[in-house]
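Thanks for coming. I will go through one structure today, starting with the backbone and ending with the empty space.

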Amino acid sequence: MIRLPEKFIERMSGTLRSELGDFLASYDKPPVRGVRANLLKTNPDELKELLAYRIERSEILEEGFVLKEPADGIGSDPYHIAGLFYIQEPSAMAPVAAAEIKPGMKVLDLCAAPGGKSGGVAARMRGEGLLVANEIVPGRAKILGFTLERLGVTNAAVTCARPDALCEALPEYFDRVIVDAPCSGEGMFRKDEAAITEWSEEHVISCAQRQRAILKSAYKALRPGGKLIYSTCTFSREENEDNVDWFASEFPDMEIELAQRLYPHTCEGEGHFAARLKKSGDDCALQPAMKLSPCLEKDYSAFMEHTFEKLPKGKAYMLKDGRVLLIDGELPAGLSAVRLLGAGVYAGDMLKGRFAPAHSLFMAAHGGTYRSAIDLAPDDPRLDAFLRGNTIEISGGLRGYMPLCAGGFPVGFGKAVDGALKNHIPKGLRRV
């Protein structure tokens, strides 16, 4: 059995009372793993047919599954690389279920890395509306961007900003604000021994204070009539109910609609807390559109016409550094006040008048159809070779850039020349 801190057990005894024995007994069991079907690229029934692993539907999220067998190496599964699913502990899916996301909404995920909840929100948005996914730590913000790229998200802006600065730049703008707050991580104990060694009551109190500061910022960005979703992967009352009660008291126009606790002995998961609060009123502060320069480069247009039979949705804009972005809709001007890492679909770069396509263009669920594509079975040795960064042999006659697909789903792209597909998967994303 995992050796839990005595003070933690004492605290949980006061919370759970007669359930304490069942709670402690759950730590004799292995941690639970799960996957979430990415609705931008598949559906739960199709995913269950495609995956070689035994999975069962989760009761926490409609598109969620619980893994029912060891799944070592699942991260290298071609369908994972293609973005058909996200590996996520099942109880961590609760905030997405609580958020009541609909297409067309404006959503802010304030503490978004590594991207699991942002990806789940984006999937339910179905490419409509705007998702602002923020992470204050630069390295983690890059991981967040890579996650949304793999999942094919087309309507997100990824920012790297302090919560207060971002929320002040976009006041009363969002229909939903999600705060999956940094916490003491008590729900991580069964799968991460480091979380146990780092735990202390002082750390719990410190986390609770930081969470209140983030919630204060989040309030500013939420429009009247909008809803805030607050979640943690911990069990302490200070970080959960106490913070929710404090928030509702601090801002009397916030009404608590939901406060849900999940424990490892009451659900198939590691444990989570999720709350939903609604702001009174029904209004939204308007934001002028960010000024962007259309991409009028001839080589970009020629590439798109040669590569796509049906063009992707969105208009092409070119940034000062040569990046070309496909954006469907408008970005609020307030994003200019913070560090914006990317938005829409990163299509590629203009380099001295020539267009070089990006991996993200071929991974995106942008609605375009390709003139040519190469489709390999998941067990085809050429697929493994390509995912490792190698050039592979293909049928003659094909020329130009095109996606390589596993079972019909793009995993990357290459350039066809004389019966070979030259590899263009970024080095950091290749199999090892």
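E100 lies in the loop between α5, residues 94-98, and β5. This is a predicted model, and in it the phi of E100 is near 55°, a positive value in a residue other than glycine. E100 is partly exposed, with a relative accessible area of 32%.

A second residue of this kind is R126, with a positive phi near 60°, again not a glycine. R126 sits in the loop between α6 and β6, residues 130-134, and comes just after α6. Its relative accessible area is 46%, so R126 counts as partly exposed.

On the other side of α6 there is a cis peptide. The bond from A113 to P114 has omega near 5°. P114 belongs to the loop between β5, residues 106-109, and α6.

Now α6 itself. How many of its residues are buried? The count is 10 of the 10, so α6 is largely enclosed by the rest of the structure. The buried set includes two residues with charged side chains, K117 and R124. Also among the buried residues are G116, G119 and G120. R126, just after the helix, is partly exposed, at 46%.

One more loop residue before the side chains. T42 is located in the loop between β1, residues 34-37, and α3, residues 44-50. T42 is buried, at 7% relative accessible area. From T42 to N134 the C-alpha distance is 26 Å, with their positions 92 residues apart in sequence.

Next, a polar contact. S231 is in strand β9, residues 222-232. S231 has 0% relative accessibility and therefore counts as buried. Its side chain contacts the side chain of D180 at 2.6 Å. Keep D180 in mind for the pockets.

On to the aromatics. A pair of rings is described by the distance of the centres and the angle of the planes. Searching the whole structure gives 21 aromatic pairs. One of them is Y401 with F413, a tilted pair, 6.0 Å centre to centre and with 45° between the planes. Y401 is in strand β21, residues 400-406, and F413 in strand β22, residues 409-417, which puts the two 12 residues apart. F413 counts as buried because its relative accessibility is 1%, and the cut-off is under 20%. Both rings are part of a cluster linked by ring pairs, which also contains Y300, F303, F308, F355, F362 and Y370.

Two lysines also sit over rings. The charged end of K106 is over the ring of Y173, 5.1 Å from the ring centre. The charged end of K279 is over the ring of Y219, at 3.9 Å from the centre.

That leaves the empty space. Rolling a probe the size of a water molecule over the atoms shows where such space is left.

What is the volume of the largest pocket? The value is about 1100 Å³. The pocket is lined by 47 residues, and the closest to its centre are A113, R140, D180, A181 and P182. Two of these have come up already: A113 precedes the cis bond to P114, and D180 is the partner of S231. By class, the lining has 23 nonpolar, 12 polar and 12 charged residues. At least two lining residues each come from β4, α6, α8, α9 and α10. The element that gives the most is α10, with 5 residues. Note that α6, the enclosed helix, is among the contributors.

The second largest pocket has a volume of about 670 Å³. Its lining has 28 residues, with G145, F146, E149, Y346 and S360 closest to the centre. Elements giving two or more residues here are α7, β7, β14, β15, β16 and α13. Of these, α7 has the largest share, 6 residues. The lining divides into 16 nonpolar, 8 polar and 4 charged residues.

Last, the closed space. How many cavities of 30 Å³ or more are there? The count is 1, and the volume of the largest cavity is about 40 Å³. Its lining is T154, K313, L326, D328, V345 and H366. By class, that is 2 nonpolar, 2 polar and 2 charged residues.

That is what I had. Questions, please.

Note on methods:
Residues numbered from 1 in each chain as written. Predicted model: local features only at pLDDT ≥ 70, side-chain atom pairs only at ≥ 80, totals over all residues. Heavy atoms only, no water. 1 Å grid on protein atoms, 1.4 Å probe; cavity = no way out; pocket = protein on both sides within 12 Å on 5 of 7 lines; lining within 4 Å. Points joined across faces, edges and corners; volume = space filled by probe spheres on them. Helix = DSSP H or I, 4+ residues; strand = E, 2+ residues; numbered from the N terminus. Phe/Tyr/Trp six-rings, centres within 6.5 Å; stacked < 30°, edge-to-face > 60°. Buried < 20%, exposed > 50% of the residue type's maximum accessible area, 1.4 Å probe, protein only. Lys NZ or Arg CZ within 6 Å of the ring centre and 35° of its normal. Polar contact = N/O pair within 3.5 Å; in protein donor to acceptor, adjacent residues only side chain to side chain.
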